[in-house]
Amino acid sequence: MGLVRRAGVIVALAVTATALGITAANAQPVTTGSMSFSGDPGDFISGGGSFSYSTSAKDTLTVFGSADDHVVTMDISGANGDFWILDLAAPSGQALTAGTTYANATRYPFQAPTAPGLSLFGNGRGCNQVTGSFAVQNAVFGPNGYVQTLDATFEQHCEGGPTAARGEIHIANAPAPPQLGVGVNVSTNAKAVKLDGNAELTGTVTCNEPVSVAVSGLVTEVSHNVIIRGNYSTTVACVPGAGVAWAATAVPTGTTPYQKGKAEVQTTGSAVDPTYGNTVTVNKTTVVTLKSVPLPS
């Protein structure tokens, strides 16, 4: 019945992670929290016993949240070697909401779209089929799946049986850190170099966290009814504060060089948020004046 080996627990965790769309970057340590449950005699998951884990007891609790606050998964690594996973999911398209009881839950992530999802498994034990319910007393989320506060109770029945495991979860983390902010600017003055026909651009990037910002884009100029295009890219080590300068060269893809005149510069700046792990991207379109740089005498 269900999972019978630790390897099976690991496989089930992979299924959970895939369903959530989570990565290691979404793993969030619980600074203050607990999870406890007990079961009726004959309950497969609990074996009729009681289990309790908390950060104060040196157990390791890790929480994963989906970006739409639809699912919360808690991993419990007990100081005694126990290992459990608890999934709580609202019906499709809904966020977990304080003051809501989610009845008629079935096994996550295989529940119907209109049904909530629930799954408690670990220590080599799991259910093929789940019925049950859970109630959310408090829920506060931040961006990108950050879980600040979650208080919930749950009841899970394995394989449609009358016996159940019942428990509760409590998470109290600090308010969510700010998200990464990135800005990119292009100087309206650029150069058309006669020697090689390239366009030389400059600009600045800004950020509120130290990150590596990838700057890239396309320079388009129309001269004498000829369209001149070229791509450019560079990487900038951005630090918070004043704008950090960047410079890049666009090489025309055809045989016509960039020339003196107006050009459109499409620019993208992107960086990975060091806290949440998502990629932050900004786009900008700037009209620049290409000034001709003469050939060396």
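**Strands, cores and cross-links in a predicted model**

In strand E2 (residues 32–39) the side chains alternate: Gly-33, Met-35, Phe-37 and Gly-39 point to one face and are buried, whereas Thr-32, Ser-34, Ser-36 and Ser-38 point to the other and are not. The structure described here is a predicted model. The arrangement in this strand follows a general pattern: in a regular strand the side chains alternate between the two faces of the sheet.

Strand E2 pairs with two other strands. Eight bridges join E2 to strand E11 (residues 165–172), and the two run antiparallel; within this pairing, Gly-33 stands opposite Ile-171 in E11. Strand E3 (residues 50–54) is also antiparallel to E2, to which five bridges join it. Here the bridge partner of Ser-36 is Ser-52 in E3.

Two of the buried residues of E2, Met-35 and Phe-37, lead to the interior. The largest nonpolar core has 32 residues, of which Met-35, Phe-37, Leu-120 and Ile-169 touch the most other members. The greatest contribution to this core comes from strand E10 (residues 147–158), which supplies five residues. In general, nonpolar side chains tend to be buried together in soluble globular proteins. The surroundings of Ile-169 can be listed residue by residue: leaving aside residues up to four places away in sequence, Ile-169 touches Ser-34, Met-35, Met-74, Leu-86, Leu-88, Leu-150, Asp-151 and Ala-152. Apart from the largest core lies another, of 29 residues, with Ala-190, Val-215, Ala-271 and Leu-290 among them.

Phe-37 also belongs to an aromatic cluster, which it forms with Phe-51 and Trp-84. Aromatic pairs number six in the structure. In one of them, the ring centres of Tyr-102 and Phe-134 are 4.8 Å apart and the planes are at 25 degrees; the pair therefore counts as stacked. This pair links distant parts of the chain, with Tyr-102 in strand E7 (residues 100–107) and Phe-134 in strand E9, 32 residues apart. Tyr-102 and Phe-134 are both buried. Tyr-146 and Tyr-276 form an edge-to-face pair, at 6.3 Å centre to centre and with 85 degrees between the planes. These two tyrosines are 130 residues apart: Tyr-146 lies in the loop between E9 and E10, and Tyr-276 in the loop between strand E18 (261–272) and strand E19 (279–293). Tyr-146 counts as buried because its relative accessibility is 11%, and Tyr-276 is buried with a relative accessible area of 6%. A charge is placed against a ring as well: the charged end of Arg-125 sits over the ring of Phe-44, 5.0 Å from its centre.

Covalent links also connect separate parts of the chain, for the structure holds two disulfides. One of them joins Cys-127 to Cys-158, with an S to S distance of 1.6 Å. This link is left-handed, with -65 degrees about the S-S bond. Cys-127 lies in the loop between strand E8 (117–122) and strand E9 (130–141), while Cys-158 lies in strand E10, so the pair ties together parts that are 31 residues apart in sequence. Cys-127 and Cys-158 are buried.

A disulfide also joins Cys-207 to Cys-238, at 2.2 Å from S to S. The torsion about its S-S bond is about -105 degrees, so the disulfide of Cys-207 and Cys-238 is left-handed. Distant parts of the chain are linked here, as Cys-207 is in strand E14 (residues 199–207) and Cys-238 in strand E16 (residues 226–238), 31 residues apart. Cys-207 and Cys-238 are buried. With the bonded cysteines numbered in sequence order, the pairing is 1-2, 3-4.

Strands E14 and E16 lead to strand E17 (residues 244–252). Over seven bridges, E14 and E17 pair in the antiparallel sense, and the bridge partner of Ala-199 in E17 is Ala-250. Two bridges join E16 to E17, which run antiparallel; Asn-231 stands opposite Val-251 in E17. E16 and E17 form a hairpin with five residues between them, and Gly-241 in the turn has a positive phi of about 125 degrees. The side chains of E17 alternate: Val-244, Trp-246, Ala-248, Ala-250 and Pro-252 point to one face and are buried, while Ala-245, Ala-247, Thr-249 and Val-251 point to the other and are not.

Terms used:
Residues are numbered from 1 along each chain as its sequence is written. This is a predicted model: local features need pLDDT of at least 70, side-chain atom pairs count only at pLDDT 80 or more; totals for chains, interfaces and linings use all residues. Side-chain values use heavy atoms; hydrogens and water are left out. A nonpolar core is a set of buried Ala, Val, Leu, Ile, Met, Phe, Trp, Tyr and Cys residues joined through side-chain atoms within 4.5 Å. Buried means under 20% relative accessible area, exposed over 50%, partly exposed in between (1.4 Å probe, protein chains only). Helices (H or I, at least four residues) and strands (E, at least two) are DSSP runs, numbered from the N terminus. Contact means heavy atoms within 4.5 Å. A disulfide is a pair of cysteine sulfur atoms within 2.5 Å. Rings of Phe, Tyr and Trp (its six-membered ring) pair if their centres lie within 6.5 Å; planes under 30 degrees apart count as stacked, over 60 as edge-to-face and the rest as tilted. A charge sits over a ring if NZ of Lys or CZ of Arg is within 6 Å of the ring centre and within 35 degrees of the ring normal. Two strands pair if DSSP finds at least two bridges between them.
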